[in-house]
There are 2 protein chains.
Amino acid sequence: MLTARQMLILQVIIDDFIKSAQPVGSRTISKKDNVSYSPATIRNVMADLEEMGYIEKTHSSSGRVPSEKGYRYYVDHLIPFPTKDDKINMIEDIIKEGYFEFEQIVQKSAEILSDITNYTSFILGPAMFETRVKQLQIVTLSPTTAVVILVTNTGYVENRTFSIPDKINASDLEKVVNILNDRLYDVPLEKIPEKLNSEVKDLMKTYVRDFREIYKYLRAAFFSEQPVKLYISGKANILMQPEFNDIEKIRSFYMMIENEEKIAELLKDASDGIKVTIGNENKLDAIKDFSLITTSYQLGEEQVGAIGLLGPTRMEYKKVITLLHAVSNEMSDMLHFWFKNN
Amino acid sequence: MLTARQMLILQVIIDDFIKSAQPVGSRTISKKDNVSYSPATIRNVMADLEEMGYIEKTHSSSGRVPSEKGYRYYVDHLIPFPTKDDKINMIEDIIKEGYFEFEQIVQKSAEILSDITNYTSFILGPAMFETRVKQLQIVTLSPTTAVVILVTNTGYVENRTFSIPDKINASDLEKVVNILNDRLYDVPLEKIPEKLNSEVKDLMKTYVRDFREIYKYLRAAFFSEQPVKLYISGKANILMQPEFNDIEKIRSFYMMIENEEKIAELLKDASDGIKVTIGNENKLDAIKDFSLITTSYQLGEEQVGAIGLLGPTRMEYKKVITLLHAVSNEMSDMLHFWFKNN
DNA sequence: AATTAGCACTCGACTAATTAGAGTGCTAAT
DNA sequence: ATTAGCACTCTAATTAGTCGAGTGCTAATT
């Protein structure tokens with residue numbers, strides 16, 4: 001347990017270091033308005049804090065730098081918990097600008113987040129667990145190509161172009177569409193492969209000549225694409241941080257960013273409320289020098305997506321946490337509003 | 001005019017520098033198999049080349065480095081012109097992997113280009129001057145929302161979610177769809193706004209109650225999105241180049257890359273055949289340290305898109321030019337094949 | 001006349017050596 | 001319990017010194 005004085009000093013150190021990225025010395029701390037101790041006293045406190053592992057020296061006669069344990073304490077005890085109804089009306093503003101579609105709104109949100117914070121932002125989803133097939137259609141483009149279009153109740157449109165197998169003719173295609181619409185209507189997206197494999201396959205066997213080819217394409221179309229999208233913004237922001245003065249770090253950062261699956265995985269761990277993972281707390285090696293702050297947004301009770309901000313461990317936690325909290329609320333509200341009539 | 005010997009030496013210098021990124025000295029050159037002069041002779045030739053501006057010294061006693069004029073000469077006179085029918089079957093391979101859609105093929109092509117070359121690749125388009133509306137559809141998702149889907153003869157599917165205005169009912173929507181399909185079928189994409197403004201507007205006025213609202217949404221849907229897309233790949237490759245050891249350079253590079261419009265503009269200057277712009281020949285300040293190689297691809301006689309590769313001025317021109325030439329041909333062929341049945 | 005060997009010279013890259021300054025820990029005074 | 005004072009430590013910046021790759025020029029060689 002830390003004394004009030006230790007907490008104060010720790011807070012001042014971290015606040016200062018977040019701003020300056022420079023080791024903080026006793027004199028600097030002593031000069032702050034809310035600190036009324038001499039450098040010597042502060043040095044004693046700092047020695048204690050160091051012994052407990054909250055701060056570190058970069059070398060034997062340097063000022064102190066927060067350790068990961070220090071940041072953890074800071075995040076857990078030294079910053080105010082975001083209040084329920086913080087709003088920044090970000091999404092409202094986006095909609096006012098004339099963006100009505102999920103995809104665009106999410107994209108814009110990511111951009112704004114990264115602009116405000118100067119970190120890299122991720123938004124995952126929304127993954128619609130409630131997503132069901134609304135309509136299926138095949139539009140032929142030419143004698144040899146066609147596109148199959150799937151519309152869900154959430155307004156998500158998936159499409160895939162394919163070559164029409166030689167032995168299939170227009171009436172066959174029509175039959176296929178009819179079978180699909182009949183059997184897949186209102187089926188949740190994740191159940192499609194299963195349905196395809198059982199009922200649909202059997203029906204096609206009965207009614208469509210040479211069903212194998214077309215069945216193969218359908219499978220490919222519905223299996224391959226994973227409908228949850230990841231939006232990344234502010235990839236270049238990290239370059240502004242003074243700790244990124246090392247080419248090797250930059251390289252590994254960009255390598256990591258290009259690997260969208262890994263990032264999606266990180267975000268899938270997000271849960272209701274703000275979650276802060278600092279440095280080595282991160283599972284992924286490539287971001288062990290970073291802090292990741294995530295939260296989720298819901299539709300009703302169900303979590304459907306996640307938001308994340310990645311920055312240096314020396315992150316503006318206070319600002320970012322408040323912000324993410326607000327945005328998460330706004331995303332949830334938007335979704336709720338969107339679906340309230342369904 | 002350069003003598004044969006000067007050309008040889010210049011070529012050797014550039015070839016070596018492209019590989020090593022290090023200033024080339026007379027001894028190094030002298031050791032090459034195809035060079036049979038002593039270092040002293042080569043030094044004389046180099047002095048001449050320097051006087052003529054083809055090579056430079058980094059300091060008074062360093063080896064030589066190609067100047068932009070040197071690269072220009074190299075590109076114009078010292079590398080073989082790509083032969084007509086170079087093929088690498090890149091796109092064929094992509095299609096064999098099961099990608100049939102334009103968008104995917106183009107995306108993949110960009111990825112492969114950047115993988116092979118280790119530079120950053122851009123592909124613009126295809127801008128379908130020949131793109132026509134194949135089918136339009138409105139699917140209602142709920143009493144208050146619907147999605148409008150547009151399919152083109154190229155397999156491009158565009159969709160937009162919108163809220164249904166209060167006063168519009170299902171039968172109105174049906175009428176709208178009918179009018180749209182009737183009037184817009186086979187209309188080139190770029191003519192849609194015009195058509196909407198004239199015929200469609202009038203018809204809607206006549207047949208649909210309260211057409212204004214819905215007309216507004218339609219306009220927004222079809223105006224907003226610009227259908228020419230830019231695909232970028234290999235953004236991190238540039239970090240592998242030894243000349244990018246300077247954070248400032250990296251920063252300005254990434255700033256530039258994020259500005260897609262500027263890049264699209266650069267690519268729009270591409271023309272039939274390979275075009276190489278070296279260093280300061282580039283209009284855009286941010287890439288005055290780079291070389292950009294562009295080419296276009298056609299559908300019939302018409303240029304519909306462009307391909308570009310951005311790398312250091314010390315680029316593997318020979319390899320890249322051959323490659324781009326081949327890919328451009330393949331893209332054109334693919335488009336041609338695609339449309340021959342339409 | 002063209003080529004090459006020889007040599008003095010230049011300059012960057014690297015390695016010590018030196019110094020200044022910020023910051024510490026400890027002791028003794030308040 | 002707090003603080004002033006001071007010796008000590010370590011980095012960052014500067015300077016000096018050395019090495020070697022490479023040049024330009026001159027004179028010898030082919």
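How many bridges pair strand 4 of chain A with strand 5 of chain A, and in which sense? The exercises below concern a predicted model.

**Exercise 1. Describe the sheet of chain A, beginning with the pairing asked about above.**

Solution.
1. Seven bridges pair strand 4 of chain A with strand 5 of chain A, and the sense is antiparallel.
2. Within this pairing, A:Val139 faces A:Val147 of strand 5 of chain A.
3. The sheet as a whole is open and has three strands, ordered 4-5-6 in chain A, with antiparallel pairing.
4. Strand 4 and strand 6 of chain A form its edges, since each of them pairs on one side only.
5. On average, neighbouring strands are turned by 15 degrees against each other, direction ignored.
6. Helix 7 (residues 170–184) of chain A lies across strand 4 and strand 5 of chain A, and runs at about 170 degrees to strand 4 of chain A.

**Exercise 2. Carry out the corresponding analysis for chain B, and explain what is left open at the edges of the sheet.**

Solution.
1. In chain B, three strands in the order 4-5-6 make an open sheet with antiparallel pairing.
2. Strand 4 (133–140) and strand 6 (157–163) of chain B each have a single partner strand, so one side of each lacks a neighbour in the sheet.
3. From one strand to the next, the twist averages 15 degrees.
4. Strand 5 (residues 145–152) of chain B is joined to strand 6 of chain B by seven bridges, and the two run antiparallel.
5. B:Val148 stands opposite B:Arg160, a residue of strand 6 of chain B.
6. Helix 7 (residues 170–184) of chain B crosses strand 4 and strand 5 of chain B, at about 170 degrees to strand 4 of chain B.

**Exercise 3. Characterise the contact between the two chains and derive the symmetry that relates them.**

Solution.
1. Contacts link 34 residues of chain A with 34 residues of chain B.
2. On the side of chain A that touches chain B, at least two residues each come from strand 4 (133–140), strand 5 (145–152), strand 6 (157–163) and helix 10 (247–258) of chain A.
3. By class, that side of chain A has 16 nonpolar, 13 polar and five charged residues.
4. Chain A is superposed on chain B by a rotation of 179 degrees with 0.2 Å of shift along the axis, at an RMSD of 0.8 Å.
5. The two copies are therefore related as by a two-fold rotation axis.
6. The same surface serves both copies, as 97% of the contact residues of chain A recur in chain B.
7. Among the residues of chain A, A:Ile247 comes closest to the rotation axis, its C-alpha being at 3.6 Å.

**Exercise 4. Identify the protein surfaces near the two DNA strands.**

Solution.
1. DNA strand C is surrounded by 20 residues, of which the closest are A:Gly25, A:Ser26, B:Ser38, B:Ser60 and B:Ser61.
2. Helix 2 (26–31) and helix 3 of chain A, together with helix 3 of chain B, each supply at least two residues of this surface.
3. Helix 3 of chain A gives the largest share of the surface near DNA strand C, with four residues.
4. The surface near DNA strand C has five nonpolar, 12 polar and three charged residues.
5. DNA strand D is likewise surrounded by 20 residues, the closest being A:His59, A:Ser60, A:Ser61, B:Gly25 and B:Ser26.
6. Here at least two residues each come from helix 3 (39–52) of chain A and from helix 2 (26–31) and helix 3 (39–52) of chain B.
7. Helix 3 of chain B gives the most to the surface near DNA strand D, namely four residues.
8. The surface near DNA strand D comprises five nonpolar, 12 polar and three charged residues.

**Exercise 5. Assess the backbone and the exposure of B:Asn89 and B:Asp186, and the surroundings of B:Lys57.**

Solution.
1. Most residues other than glycine have a negative phi.
2. B:Asn89 is not a glycine, yet has a positive phi of about 55 degrees.
3. B:Asn89 is in the loop between helix 4 (68–78) and helix 5 (90–96) of chain B, and is exposed because 11 other C-beta atoms lie within 10 Å.
4. B:Asp186, also not a glycine, has a positive phi of about 70 degrees.
5. The loop between helix 7 and helix 8 (192–207) of chain B holds B:Asp186, which is exposed, with 8 other C-beta atoms within 10 Å.
6. B:Lys57 belongs to strand 1 (residues 55–57) of chain B and counts as partly exposed, because 13 C-beta neighbours lie inside 10 Å.
7. Leaving aside residues up to four places away in sequence, B:Lys57 touches B:Glu50, B:Ser62 and B:Arg64.

Key:
Residues numbered from 1 in each chain as written. Chains lettered and ligands numbered in written order. Predicted model: local features only at pLDDT ≥ 70, side-chain atom pairs only at ≥ 80, totals over all residues. Near = placed C-beta within 6 Å. Nonpolar A, V, L, I, M, F, W, Y, C, P; charged D, E, K, R; others polar. Contact = placed C-beta atoms within 7 Å. Least-squares fit on C-alpha atoms with pLDDT ≥ 70 in both. Buried ≥ 20, exposed ≤ 12 C-beta atoms within 10 Å, placed from the backbone. Pairing = 2+ DSSP bridges. Axes fitted to C-alpha atoms, helices over the stretch in contact; angles between N-to-C directions.
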